[in-house]
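Me: I have a protein model open and would like to go through it with you. Could we start with a strand and then move on from there?

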Amino acid sequence: MAQFGVLTALLTPFTDDGCIDVARLATHAASVVSRGVSGVTLFGTTGEGASIAASERHIGISALLETGLSCNRIVLGVYGSAAADVAAQIDEGMRAGITRFLVPPPCYFGNAGEDGVFRWFAELLALSNSQAGIILYNIPQVTGVGISSPLTKRLKEANPERIVAIKDSSGDWANAVRLLESKLLPVLIGDERLLHKAVPMGCVGSITGVANLYPERLCNIITSSTEDTMLTQTVDRIVALPVIPTLKVLLANALGDPVWENLRAPLTRLTAEQKSEILAAEGKGMAA
């Protein structure tokens with residue numbers, strides 16, 4: 001199975017007036033790649049991808065490509081409940097040279113059931129470029145719609161060339177084990193705390209938000225299959241708060257650049273108390 005390694009789920013920087021901050025995005029992407037990750041994911045959950053308008057997605061894509069980053073080191077997050085809209089996002093990426101796409105299930109009709117989700121993916125594949133590789137994205141705590149192991153099997157068997165991997169961000173170790181043991185397709189683990197257990201079972205890598213902060217540490221987990229206990233504690237602290245605002249606070253602090261704290265609605269900033277506590281705890285934890 002193809003190795004993906006660590007891909008940083010890029011945070012998306014916004015200017016004070018709410019536009020994508022092209023310069024900061026390009027600089028940050030180049031930085032994490034220089035620190036050892038295999039590539040980046042643009043407009044994933046961590047990157048507030050569901051809040052990026054169709055009319056501005058090309059701005060982020062161009063920013064990365066203009067740094068000289070190879071297309072094969074970029075995974076593009078795509079979103080929508082209308083298959084045709086998601087297909088249009090895929091085709092835009094393909095025209096830019098990107099060939100791998102992180103695709104969550106449609107989430108507006110939460111009671112559609114697995115047959116409905118299967119039909120939606122079938123429609124998406126029929127509408128989008130036949131050379132586009134689809135990474136199924138299982139993050140039910142966000143979407144409210146999961147991609148179960150049986151559904152994964154159906155999708156892969158029906159589309160063996162198009163479904164190239166699954167990213168399991170459910171945090172459910174039992175589900176991860178089922179996927180890994182099936183050996184049906186490459187498995188990426190989104191929960192950084194599970195990586196050290198998943199790699200010996202054949203996990204091919206991770207698309208991870210914490211790699212915005214500590215790319216080297218994530219790469220070491222992949223290569224060593226050893227838990228980084230301080231990083232596990234960091235993740236525990238992050239997920240106890242609103243995740244994306246917390247990651248942005250930590251990155252802004254690390255870079256000495258408060259612009260990184262800007263968020264798109266409907267997300268809101270941490271309270272002053274939350275910010276103070278996470279910065280203090282993280283400073284002590286990583287200094288230990």
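Me: Which way do the residues of strand S3 point, and are they buried or exposed?

Reply: This is a predicted model, and in it strand S3 covers residues 74-77, with Ile74 and Leu76 pointing one way while Val75 and Gly77 point the other way. All of these residues are buried, whichever way they point.

Me: In what sense do S2 and S3 pair?

Reply: S2 and S3 pair in the parallel sense, and the pairing runs over three bridges. If you would like a pair of residues to look for, leucine 42 has leucine 76 in S3 as its bridge partner. To get from S2 to S3 the chain passes through H2, and this β-α-β crossover is right-handed.

Me: And how many bridges are there between S3 and S4?

Reply: There are three bridges between S3 and strand S4, which is made of residues 100-103, and the two strands pair in the parallel sense. Here glycine 77 has leucine 102 in S4 as its bridge partner. A right-handed β-α-β unit is made by S3, helix H3 (residues 83-96) and S4.

Me: Let's switch to charges. How many salt bridges does the structure hold?

Reply: The structure holds 13 salt bridges. As general background, side chains of opposite charge can pair when their charged atoms come close.

Me: What does arginine 35 form a salt bridge with?

Reply: Its partner is glutamate 216, and the closest N and O atoms of the two are 2.8 Å apart. Arginine 35 lies in the loop between helix H1 (22-34) and strand S2 (39-42), whereas glutamate 216 lies in helix H9 (residues 215-224), so the pair ties together parts that are 181 residues apart in sequence.

Me: Why does arginine 35 count as partly exposed, and what about glutamate 216?

Reply: Arginine 35 has a relative accessibility of 32% and therefore counts as partly exposed, since that class lies between under 20%, which is buried, and over 50%, which is exposed. Glutamate 216, at 39% relative accessibility, also counts as partly exposed.

Me: Which residue does glutamate 48 form a salt bridge with?

Reply: Glutamate 48 forms a salt bridge with lysine 248, and their closest N and O atoms are 2.8 Å apart. Glutamate 48 is found in the loop between S2 and helix H2 (57-65), and lysine 248 in helix H11 (residues 243-255), so this salt bridge ties together parts that are 200 residues apart in sequence.

Me: Are glutamate 48 and lysine 248 buried or exposed?

Reply: Both glutamate 48 and lysine 248 are buried.

Me: Where does glutamate 261 lie, and where is lysine 275?

Reply: Glutamate 261 and lysine 275 form a salt bridge in which the closest N and O atoms are 2.8 Å apart. Glutamate 261 lies in the loop between H11 and helix H12 (272-287), and lysine 275 lies in helix H12, so the pair ties together parts that are 14 residues apart in sequence. Glutamate 261 is buried, its relative accessible area being 10%, whereas lysine 275, at 30% relative accessibility, counts as partly exposed.

Me: Which residues do salt bridges that share partners join into one network?

Reply: Asp21, Arg24 and Asp257 are joined into one network by salt bridges that share partners.

Me: What is glutamate 56 in contact with, leaving aside its neighbours within four places in sequence?

Reply: With those neighbours left aside, glutamate 56 is in contact with Ile20, Ser51 and Arg264. Glutamate 56 lies in the loop between S2 and H2, and with a relative accessible area of 13% it is buried.

Me: Now the whole chain. How many helices and strands does the chain have?

Reply: The chain has 12 helices and eight strands, and 53% of its 288 residues count as buried. Along its principal axes, the C-alpha trace spans about 50 × 40 × 40 Å.

Me: What radius of gyration does the chain have, and what would a compact globule have?

Reply: The chain has a radius of gyration of 18 Å, while a compact globule with 288 residues would have one near 19 Å, so the two agree.

Me: Last one: among contacts between residues at least 6 apart in sequence, what share joins residues at least 24 apart?

Reply: Among those contacts in the chain, 68% join residues at least 24 apart.

Definitions and conventions. Residues numbered from 1 in each chain as written. Predicted model: local features only at pLDDT ≥ 70, side-chain atom pairs only at ≥ 80, totals over all residues. Heavy atoms only, no water. Salt bridge = Lys/Arg side-chain N within 4 Å of Asp/Glu carboxyl O. Helix = DSSP H or I, 4+ residues; strand = E, 2+ residues; numbered from the N terminus. Buried < 20%, exposed > 50% of the residue type's maximum accessible area, 1.4 Å probe, protein only. Pairing = 2+ DSSP bridges. Right-handed = clockwise from strand over helix to strand, strands pointing away. Rg over C-alpha atoms; globule rule 2.2 N^0.38 Å. Contact = heavy atoms within 4.5 Å.
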